[in-house]
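Please read the following report beside the sequence and the structure. It takes up the surface and then the helices.

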Amino acid sequence: MGLGGISIWQLLIILLIVVMLFGTKKLKSLGGDLGGAVKGFKQALTEEENDAAVKKAAQKDSTQKSSTQKSSTQKEISHKV
């Protein structure tokens, strides 16, 4: 028994029928198209993750800058008083 009750021989027969119906050239182009789509999807995911990391880092830097500016402003006020 193989996957879900389908034996290896049944899978081979199904594969043979698919090859006979569509031909190897059509299956090859279909596989290439599918591979290209998966590759594009992965690239989009990594670009999105990189953009999110850059935004997060920029927000962290801006909050650190604003907190240091506030503390320096408070020091100036305390020196004036």
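Glu49 has its place in helix α2, which covers residues 24-80, in a model that is predicted rather than determined by experiment. With a relative accessible area of 56%, Glu49 counts as exposed, because the cut-off for that class is over 50%. On the surface, Glu49 gathers with Glu47, Glu48 and Asp51 in a patch of negative charge.

A patch of another kind involves Leu15, a residue of helix α1, which runs over residues 8-22. Here Leu15 joins Ile6, Ile8, Trp9, Leu11, Leu12, Ile14 and Val19 in making a nonpolar surface patch of about 750 Å². The two patches are set out below.

| Surface patch | Residues |
|---|---|
| Negative charge | Glu47, Glu48, Glu49, Asp51 |
| Nonpolar, about 750 Å² | Ile6, Ile8, Trp9, Leu11, Leu12, Ile14, Leu15, Val19 |

For the spacing of residues along such elements, it is useful to recall that an α-helix has 3.6 residues a turn, so residues three or four places apart point the same way.

The 15 residues of α1 should span 21 Å at 1.5 Å a residue, and the end C-alpha atoms of α1 are indeed 21 Å apart, so the expected and computed values agree. Just after α1, Gly23 takes a positive phi of about 85 degrees.

Taken as a whole, the chain contains two helices and zero strands, and 0% of its 81 residues count as buried. The chain exposes about 7600 Å², of which carbon and sulfur atoms supply 65%.

Definitions and conventions: Residues are numbered from 1 along each chain as its sequence is written. This is a predicted model: local features need pLDDT of at least 70, side-chain atom pairs count only at pLDDT 80 or more; totals for chains, interfaces and linings use all residues. Side-chain values use heavy atoms; hydrogens and water are left out. Patches are made of residues with over 30% relative accessible area and no salt bridge: like charges are joined within 9 Å, nonpolar side chains (Val, Leu, Ile, Met, Phe, Trp, Tyr) within 5 Å. Accessible areas come from the Shrake-Rupley method with a 1.4 Å probe; for residues, only the protein chains shown count as cover. A salt bridge is a side-chain nitrogen of Lys or Arg within 4 Å of a carboxyl oxygen of Asp or Glu. Lys and Arg count as positive and Asp and Glu as negative; His and the chain ends are not counted. The place of a charge is taken as NZ of Lys, CZ of Arg, CG of Asp or CD of Glu. Helices (H or I, at least four residues) and strands (E, at least two) are DSSP runs, numbered from the N terminus. Buried means under 20% relative accessible area, exposed over 50%, partly exposed in between (1.4 Å probe, protein chains only). The expected span of a helix is 1.5 Å times one less than its number of residues.
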